[in-house]
Amino acid sequence: MSSSLEKHIWWSYIHADLKDLIKESYFLINKVEGWDAKFHDYAFVIFPAAKAYEGFLKTFFYDMGLISDDDYFGKRFRIGKALNPSLEENLREKESVYDRLINACGGKELPNELWETWKEGRNLLFHWFPNEKNVIDFDEAKRIFQKILMAMDLAFARCKIPQK
């Protein structure tokens with residue numbers, strides 16, 4: 001089951017609980033595909049992988065020296081804020097990981113991909129707003145799962161992550 005997941009370069013890097021979450025989404029994708037039941041929204045398939053992506057990003061930012069101990073171990077750090085390329089100018093120096101990633105990893109490609117993956121694979125799926133029905137079908141859920149895996153691949157391809 002998870003042998004294809006274990007081939008990713010980041011697999012040995014992530015925490016065991018994050019591996020379990022990635023495996024859960026993988027399992028759900030493979031199980032749901034065979035079900036006769038159809039659902040209005042397949043975001044539930046992505047949720048474990050999105051949670052693992054959050055853990056990966058926090059660990060990656062911390063290991064790269066882009067966030068502090070307080071950010072990593074505390075309860076106040078918000079990835080959506082830190083990765084947002086449109087963060088207000090007065091907050092950028094203190095709170096923007098996006099800008100630090102540009103400098104640390106050679107340009108905007110990686111921070112843009114991490115941000116787009118965050119928006120699509122987490123923010124847009126797990127919030128509800130009137131007149132915005134952010135539901136996804138099963139094919140979209142599979143695509144977003146792959147996008148999360150590929151974003152983590154890109155982080156390893158673009159940055160020299162200190163191994164601990």
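**Exercise 1. Locate Lys94 in this predicted model and state whether Lys94 is buried or exposed.**

Step 1. Lys94 belongs to helix 6, which covers residues 89–95.

Step 2. The relative accessibility of Lys94 is 70%. The cut-off for exposed is over 50%, so Lys94 counts as exposed.

Step 3. For a distance check, take Thr59 as the partner: Lys94 and Thr59 are 35 residues apart in sequence, and their C-alpha atoms are 19 Å apart in space.

**Exercise 2. Determine which parts the salt bridge between Lys81 and Glu95 ties together.**

Step 1. The closest N and O atoms of Lys81 and Glu95 are 3.0 Å apart. A salt bridge requires a distance within 4 Å, and Lys81 forms one with Glu95.

Step 2. Lys81 is in helix 5 and Glu95 is in helix 6, so this pair ties together parts that are 14 residues apart in sequence.

Step 3. Lys81 counts as partly exposed at 35% relative accessibility. Glu95 also counts as partly exposed, at 25%.

**Exercise 3. Compare the end-to-end distance of helix 8 with its expected span, then find where its buried residues sit.**

Step 1. Helix 8 runs over residues 109–123 and has 15 residues. At 1.5 Å a residue it should span 21 Å; the end C-alpha atoms are 20 Å apart, which agrees.

Step 2. The buried residues in helix 8 are Leu110, Pro111, Leu114, Trp115, Thr117, Trp118 and Gly121. They cover an arc of only 165° around the axis, so they are on the same side of helix 8.

Step 3. The spacing has a general background: an α-helix has 3.6 residues a turn, so residues three or four places apart point the same way.

Step 4. The cover over the buried residues of helix 8 includes helix 3, helix 5 (79–82), helix 7 (97–105) and helix 9 (138–158).

**Exercise 4. Describe the salt bridge between Glu109 and Arg158 and the placement of its partners.**

Step 1. The closest N and O atoms of Glu109 and Arg158 are 2.3 Å apart, and the two residues form a salt bridge.

Step 2. Glu109 lies in helix 8 and Arg158 in helix 9, so the pair ties together parts that are 49 residues apart in sequence.

Step 3. Glu109 has a relative accessibility of 45% and counts as partly exposed. Arg158, at 39%, counts as partly exposed too.

**Exercise 5. Examine the pair Lys142 and Asp139, then list the residues joined into one salt-bridge network.**

Step 1. Lys142 forms a salt bridge with Asp139, with 3.5 Å between the closest N and O atoms.

Step 2. Both residues lie in helix 9; Lys142 and Asp139 are 3 residues apart, about one turn of the helix.

Step 3. Lys142 counts as partly exposed at 25% relative accessibility, whereas Asp139 counts as exposed at 53%.

Step 4. Salt bridges with shared partners join Glu113, Glu120, Glu140, Arg143 and Lys147 into one network.

Step 5. Over the whole structure, the search finds 10 salt bridges.

**Exercise 6. Identify the residues of the nonpolar surface patch and check the exposure of Phe44.**

Step 1. Trp35, Phe39 and Phe44 make a nonpolar surface patch of about 270 Å².

Step 2. Phe44 is placed in helix 3, which comprises residues 43–63.

Step 3. Phe44 has a relative accessible area of 33% and is partly exposed. Patch members need over 30%, and Phe44 at 33% satisfies this cut-off.

Methods:
Residues are numbered from 1 along each chain as its sequence is written. This is a predicted model: local features need pLDDT of at least 70, side-chain atom pairs count only at pLDDT 80 or more; totals for chains, interfaces and linings use all residues. Side-chain values use heavy atoms; hydrogens and water are left out. Patches are made of residues with over 30% relative accessible area and no salt bridge: like charges are joined within 9 Å, nonpolar side chains (Val, Leu, Ile, Met, Phe, Trp, Tyr) within 5 Å. Accessible areas come from the Shrake-Rupley method with a 1.4 Å probe; for residues, only the protein chains shown count as cover. A salt bridge is a side-chain nitrogen of Lys or Arg within 4 Å of a carboxyl oxygen of Asp or Glu. Helices (H or I, at least four residues) and strands (E, at least two) are DSSP runs, numbered from the N terminus. Buried means under 20% relative accessible area, exposed over 50%, partly exposed in between (1.4 Å probe, protein chains only). The expected span of a helix is 1.5 Å times one less than its number of residues. The arc is that of the directions from the helix axis to the C-beta atoms. Contact means heavy atoms within 4.5 Å.
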